[in-house]
Amino acid sequence: MASVIYGVWDGKVYDNRGMDIFEVAPLPELAGFDHFNEGNVIKAFLGDRGFFVFEPGVDLLEALLNYAAKAAEESCGKCTPCRMGTSLVRERLAALHRDGFDADLLDETEQLARHVGQTSLCGLGQSCMTPLLSALDHFREMIVPGGGSQGKSPQYAMHYVTAPCIEACPAKVNVPRYIDYIKDGKPSHSLGVILQKYPMAATCGRVCVRYCEQACRRNLVDEAVGIKVLKRYVADLERDISRQWFSPEMVRSHQPAHLRVAVVGAGPAGLSCAYHLLLRGYPVEVFEARDEPGGMAARGIPSYRLPKEVLRSEAEIIGRLGGRIHYNARLGRDFTVDDLMTQGFKAVFLGLGCDKGRLLEVQGEDPNLVGLQTGIDFLLKAHECLQGNGCMTVGGVVVVVGGGNVAMDCARSALRMGADEVHVVYRRAKADMPADAEEIEAAREEGVVFHFLTSPSRIVSKDGRVTGVELVSMVQGETDANGRRSVAACPDSTQTLACDELIAAIGQQVDENSIAPSDGVRFGKRGFLNANDTTLATSRPGVFAGGDCYLGPSTLIKAMANGLKASRSIDDFLHYGRVRFFPRSRMRRIIADFRALSDDTFEAPVENKYRVQVKELDPEVRKRLFDEVEKPISTEEAYEEANRCLRCYRIYSVITESPVPDSAL
Ligand code: SF4
Ligand code: SF4
């Protein structure tokens, strides 16, 4: 485990020089450093809050020089202290490294570094001098060529530039960069940054659950930057992204024709995987069980949140890039994984989704009861009805059981389909609800009644119809490993809620008939496909899985991120027969384990400025309509919102004893 010889982090000084390294207690929070690159130890680590040296013989000056050079390279150049200062610091450190110790030059370098840190406009300039200044404050004597008297050994630097919002995003979209382009009046450049990671920018700009905004450092000042709404803004400016941006000609180099890849499922994971493979020049065919693309995003997300034409238009990108989608082709019914391999596909991505709903498993439950259905079935029927395929009537009192986004979609859709009253029953507290807070609030505004800490115990029926549901109150107990408090039923707390429809939106599963035993693809413990967390490789070589069929019911952005990850793994598998080491992924792991990005201090005061208010249809009007609820923001509003971003870029460097191997990233 990593033992620090010397270093400074968050102002805390570690100095174990002169001690036997085996006597130095390792820091448990740095345990992840041992697993970065097997056989290639991390000798030092530099970041926005300081630095650590783990091995004797590290040339700290060289490490600081490399770090400063990266800062100069990353400076956007908008403010003089950072633009000029980082270059000047780099030059002076280079001179010190080349010509040897010079006290005056070191003093001058220190003054420059302090000026950069104190007067730069954004997080990059404000934080990039911290390792140097920490070293100058506490280990000045180590800033000499060759690392002092310890005798230098070879060292190599790998840098990683990120921000809290980037790390929180499953697809690692460069959020500050796309926001910068909006500030610069270049929305199409901004869209280009997003399209590097996934094809469904307008969809994501509407329905993403915004992990980035939860991590946004602007929360510490007033409110998170409206990252999602800015994404929608740039995507909506381009009316026809698929036609204007994509064509087969934009695929620069083509892979050999025999390296065919089959993607099963045209949901967010499958479309994302196909998109990235097509951009890498692979011949890709997508097999979709239904007659339209989009998976759960199409069927499960109501059009008041995501207009159908937005999703369809983005799915067309696959065709524009030369991919082919076969509709009404269901795995397990029309073909097997074995069949695909026999047909000559060299790799398969399984992005089947998990669209089989779960019932409540309580007394009185009979799947044949009229008025009882799963959330997924309800949303699917509503979707078909709105498409003009079949009809459904909803009326009276509807009870939805569950606390996720599917439950919110069911509740809000039930209102729009004609329900007089909609109740949501959730067994935990409001704070534990997995649904997006905005969705919960929107449902409440529309009149949905919430019953927290309440759980169904029996379904009441008469003559084959649901007539009500018995509910028990729950009490909270200890906090579990996930940070949620356990719940238990209160004795003698039963009450009956009369209803006409009962919707069980408590979870989904993969249709077990989709995978044949001969396919060699194993299921995991929870009933989802088993795959390697890092590579998404399943138990069958050449077959990868991602999205809801692997994660369980998840989010659009996690599914698209899986598609991206699987495309990289498939690319490696087809070229090397194995998936290589991804140093950037390991770097992310280190940063996450070490909580390197979790600082909550600001180097410069930030003026309060609240985020743009997105206009919405009036709740009284919208609750009976499937028209899109949220309205777009104006160019002026987008500019104002973009200017709230603090550009919290941070640079991290690992110093290793041999070069970190290249990867597909
Ligand atoms: S805005 Fe940030 S990155 Fe750009 S020059 Fe200023 S401090 Fe550097
Ligand atoms: S302020 Fe900007 S860079 Fe910082 S976390 Fe928020 S969106 Fe990202």
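Helices (H or I, at least four residues) and strands (E, at least two) are taken here as DSSP runs, numbered from the N terminus, and the expected span of a helix is 1.5 Å times one less than its number of residues. The model is predicted, so that local features need pLDDT of at least 70 and side-chain atom pairs count only at pLDDT 80 or more, while totals for chains, interfaces and linings use all residues. Residues are numbered from 1 along each chain as its sequence is written, chains are lettered from A and ligands numbered from 1 in the order in which they are written, and side-chain values use heavy atoms, with hydrogens and water left out.

**Exercise 1. Helix α17**

Task: Compare the span of α17 with the expected one, list its buried residues, and find the elements against which these residues pack.

Solution. Begin with the length: α17 covers residues 375–386, which makes 12 residues, and the distance from its first C-alpha to its last is 16 Å, close to the 16 Å expected at 1.5 Å a residue. Next, apply the burial criterion, in which buried means under 20% relative accessible area, exposed over 50% and partly exposed in between (1.4 Å probe, protein chains only); the buried residues of α17 are then Gly375, Ile376, Phe378, Leu379, Leu380, Ala382, His383 and Cys385. Taking contact as heavy atoms within 4.5 Å, these buried residues pack against α14 (296–299), α15 (308–320), β11 (372–374), α18 (405–416), β19 (501–504) and β20 (508–509). Finally, look past the end of the helix, where α17 is followed by Gly388 with a positive phi near 85°.

**Exercise 2. Helix α18 and Glu446**

Task: Determine how many residues of α18 are buried, and establish which residues Glu446 touches.

Solution. The 12 residues of α18 should span 16 Å at 1.5 Å a residue, and this agrees with its end C-alpha atoms, which are 16 Å apart. As for burial, 12 of its 12 residues are buried, so α18 is mostly covered; among them are the charged-name positions Asp409, Arg412 and Arg416. Just after α18, Gly418 takes a positive phi of about 120°. Turn now to Glu446, which lies in the loop between α19 (437–445) and β14 (449–451) and is buried, because its relative accessible area is 1%. Leaving aside residues up to four places away in sequence, Glu446 touches Arg412, Leu415, Arg416, Pro619, Arg622 and Lys623.

**Exercise 3. Two strand pairs**

Task: State the sense in which β15 pairs with β16, and the sense in which β6 pairs with β7.

Solution. Two strands pair if DSSP finds at least two bridges between them. Strands β15 (residues 454–462) and β16 (residues 465–479) run antiparallel and are joined by eight bridges, with Lys462 having Arg465 of β16 as its bridge partner. The two strands form a hairpin with two residues between them, and Asp463 in the turn has a positive phi of about 55°. By contrast in sense, β6 and strand β7 (residues 284–287) pair in parallel over four bridges, and the partner of Val261 in β7 is Val284. In a regular strand the side chains alternate between the two faces of the sheet. In β6 (residues 261–264), Val261 and Val263 point one way and Ala262 and Val264 the other way, and all are buried.

**Exercise 4. The ligand shells and Ser120**

Task: Divide the shells around ligand 1 and ligand 2 by residue class, and describe the setting of Ser120.

Solution. A residue is near a molecule if one of its heavy atoms lies within 4 Å of it. For the classes, Ala, Val, Leu, Ile, Met, Phe, Trp, Tyr, Cys and Pro count as nonpolar, Asp, Glu, Lys and Arg as charged, and the others, Gly among them, as polar. The shell of ligand 1, which includes Cys76, Cys79, Cys82, Ser120, Cys122 and Arg647, divides into six nonpolar, four polar and two charged residues. The shell of ligand 2, including Cys165, Cys216, Cys645, Arg647 and Cys648, has nine nonpolar, no polar and two charged residues. Ser120 is placed in the loop between α3 (103–119) and α4 (123–127), and counts as buried because its relative accessibility is 5%. The C-alpha atoms of Ser120 and Cys82 are separated by 5.5 Å, although the two are 38 residues apart along the chain.
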